[in-house]
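Q: I'm new to this structure and would like a close look at one part of it, the largest pocket. Could you walk me through what lines it, and then through a couple of residues elsewhere in the chain?

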Amino acid sequence: MDLEELKNTWMALDEQLKKNEVLNKQIVREMLYKKSNKSLNWLVNMEFMGTILLLFTIPLCFWLYNAPIYKNITAPKILFLVAIIFAILGVIWYFYKILKYLLRIDFSMNIKDNIQSVNEYAILIKKEKFVSYFIVIPVLSLLGIWGYYELHANLLLWILLTVALIFATLMTYWLYKKIYDANIQSIKKSLEELEELKEE
């Protein structure tokens, strides 16, 4: 093999390597887009499910508020009224998050804009966690306890209430940790990797 043939072989090999590198980047990019979309869909679906759940809660609480059993008892009426208020505010809050942040994320658009939207959404979720842990759960728990006291509930009902409150708190923690935090981190990581690929 003379020098010219060797040179041509190296050029062909170099060209093939460049094509492979471009192809590999494209495959990685597609995988990151797919992963980001999957995480985003999880978040959007959770927000819609939360909205639907709260929309069902409102008429149920109205019905319980007017139930004859609670006619002359203050605590349950306050509990259901507060639950209605929290549910209405929750529906507004869910729609705000979906329309203002989640539907604004478009992985075919500017990566930095998407990163900013995800970061803003993550800040909202932190605020939401604080409100859930330190306002919603404690207020509803205290009103539930007060209602049980007024109704002179027996020991079994007190045990059921305790289990329900513990379960609700743990479920709330699990949802924020495993659904919200995990998917937000997944999207952020994918977008950062896409940004790095873009800069190469």
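A: Let's start with the lining. In this predicted model, 46 residues line the largest pocket, and those nearest its centre are L54, V136, I137, L140 and T172. Which elements give two or more residues to that lining? They are α1 (3-65), α2, α3 and α4 (155-199). As for the space inside, the largest pocket holds about 1800 Å³. Sort its lining residues by character and you get 35 nonpolar, 9 polar and 2 charged.

Two of those central names, V136 and L140, come up again when you look at F86, since F86 touches I135, V136, V139 and L140, leaving out residues up to four places away in sequence. You'll find F86 in helix α2, which covers residues 74-100. Along the chain, F86 and L140 are 54 residues apart, yet their C-alpha atoms are separated by 9.7 Å. Is F86 buried, partly exposed or exposed? Its relative accessibility is 24%, so F86 counts as partly exposed.

Now have a look at E128, which sits in helix α3, residues 111-150. E128 counts as buried because its relative accessibility is 8%, and the cut-off for buried is under 20%. So what does E128 touch? Setting aside neighbours within four places in sequence, E128 is in contact with W93, K97 and Y176. With W93 there is also a polar contact: the side chains of E128 and W93 are joined at 2.5 Å.

Note on methods. Residues are numbered from 1 along each chain as its sequence is written. This is a predicted model: local features need pLDDT of at least 70, side-chain atom pairs count only at pLDDT 80 or more; totals for chains, interfaces and linings use all residues. Side-chain values use heavy atoms; hydrogens and water are left out. Helices (H or I, at least four residues) and strands (E, at least two) are DSSP runs, numbered from the N terminus. Buried means under 20% relative accessible area, exposed over 50%, partly exposed in between (1.4 Å probe, protein chains only). Contact means heavy atoms within 4.5 Å. A polar contact is a pair of N or O atoms within 3.5 Å; within protein, one must be able to donate a hydrogen and the other to accept it, and residues adjacent in sequence count only if both atoms are side-chain atoms. On a 1 Å grid over the protein atoms alone, a cavity is a set of points where a 1.4 Å probe fits but cannot get out, and a pocket is an open set with protein on both sides within 12 Å along at least five of seven lines; lining residues have an atom within 4 Å of a point. Grid points are joined across faces, edges and corners, and a volume is the space filled by probe spheres set on the points. Ala, Val, Leu, Ile, Met, Phe, Trp, Tyr, Cys and Pro count as nonpolar, Asp, Glu, Lys and Arg as charged, and the others, Gly among them, as polar.
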